[in-house]
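This briefing describes the overall form and the nonpolar interior of one protein chain. Please examine the sequence and structure below before reading the notes.

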Amino acid sequence: MRIAAAFLVAALVAAPAPAADIYDRAVAHAGRDADDLQRDKLDHPADILRFSAIQPGMQVADFFAADGYYSELLSHVVGAKGHVLLINNKPYDDFAKNAWKERIEKHHLANVEHVTVDPAKMGLADASLDAVIMIKVYHDLYWVAPEDGWPKIEAGLVLDQIARALKPGGVVLVVDHSAQPGAGATVAGKLHRIDEDFARKDFEAHGFAFVKSSDLLRRPDDQRDLVSYKGPALGKTDRWVYLFRRVN
């Protein structure tokens, strides 16, 4: 038995590691910034993008992409035949201090196009996108703070535009900070969190079918009552991950 066990251990040690796929290779590409590598530890971007099943050649939008962390990774996933639309409104450009520009130029992301839009009229062509990602920004559609330069956004209008811009069967990947059950969108401004059940119903009401969810970014120890992006909750929030598909 000991001999058999020894052979088993030897076989496991000698077994080749699984081949890296397009998502692993995107995250592993040379020259990525140190801050992005630190963020990888919290966001698990290869796993998140794998969950979305975004493929080479696709036309993808990174909605409210800020500095373009995910846009850079998507650039490598979709490849030279694909295209990434890095979408910000002016407040998001200002928040990111236009760091998207340096990212695109420094890393020669020829297939990434930045646009600054008014969310009320984004100008997206009908049936032009295969996928849209919304990473920790969906709750901002329900945040109202004109004194901070963040005007009221008609969330339903934004979702309707995204639905029209997607090709039949196109998908939306949504990741956001969990609010307590039943909170709806009421803490979107105060805590920068949103209730996942509310989100699912919201997307379903605007032309999307729920496909699947992932527990990859779950943190059961998060009480979901602290501001998501600073203080003791920073980097420790419970996050839900949903994939929706445009209803044909």
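**Overall form**

The protein chain has a radius of gyration of 19 Å, which agrees with the value near 18 Å for a compact globule of 248 residues; the radius is taken over C-alpha atoms, and the globule rule is 2.2 Å times the number of residues to the power 0.38. This is a predicted model, in which local features need pLDDT of at least 70, side-chain atom pairs count only at pLDDT 80 or more, and totals for chains, interfaces and linings use all residues. Residues are numbered from 1 along each chain as its sequence is written, and side-chain values use heavy atoms, without hydrogens and water.

**Dimensions and burial**

- Along the principal axes, the C-alpha atoms fill a box of roughly 70 × 45 × 40 Å.
- Of the 248 residues, 47% count as buried, that is, under 20% relative accessible area with a 1.4 Å probe, protein chains only.

**Nonpolar cores**

- The largest nonpolar core has 37 residues; such a core is a set of buried Ala, Val, Leu, Ile, Met, Phe, Trp, Tyr and Cys residues joined through side-chain atoms within 4.5 Å.
- F63, M134 and L141 have the most contacts inside this core, a contact being heavy atoms within 4.5 Å.
- Leaving aside neighbours within four places in sequence, L141 is in contact with F63, F64, M134, I153, A155, V158 and L159.
- Apart from this core lies another, of 32 residues, including V84, V112, I133 and V175.

**Charge**

- The chain carries 30 positive (Lys and Arg) and 35 negative (Asp and Glu) side chains.

Note on methods:
Buried means under 20% relative accessible area, exposed over 50%, partly exposed in between (1.4 Å probe, protein chains only). The place of a charge is taken as NZ of Lys, CZ of Arg, CG of Asp or CD of Glu.
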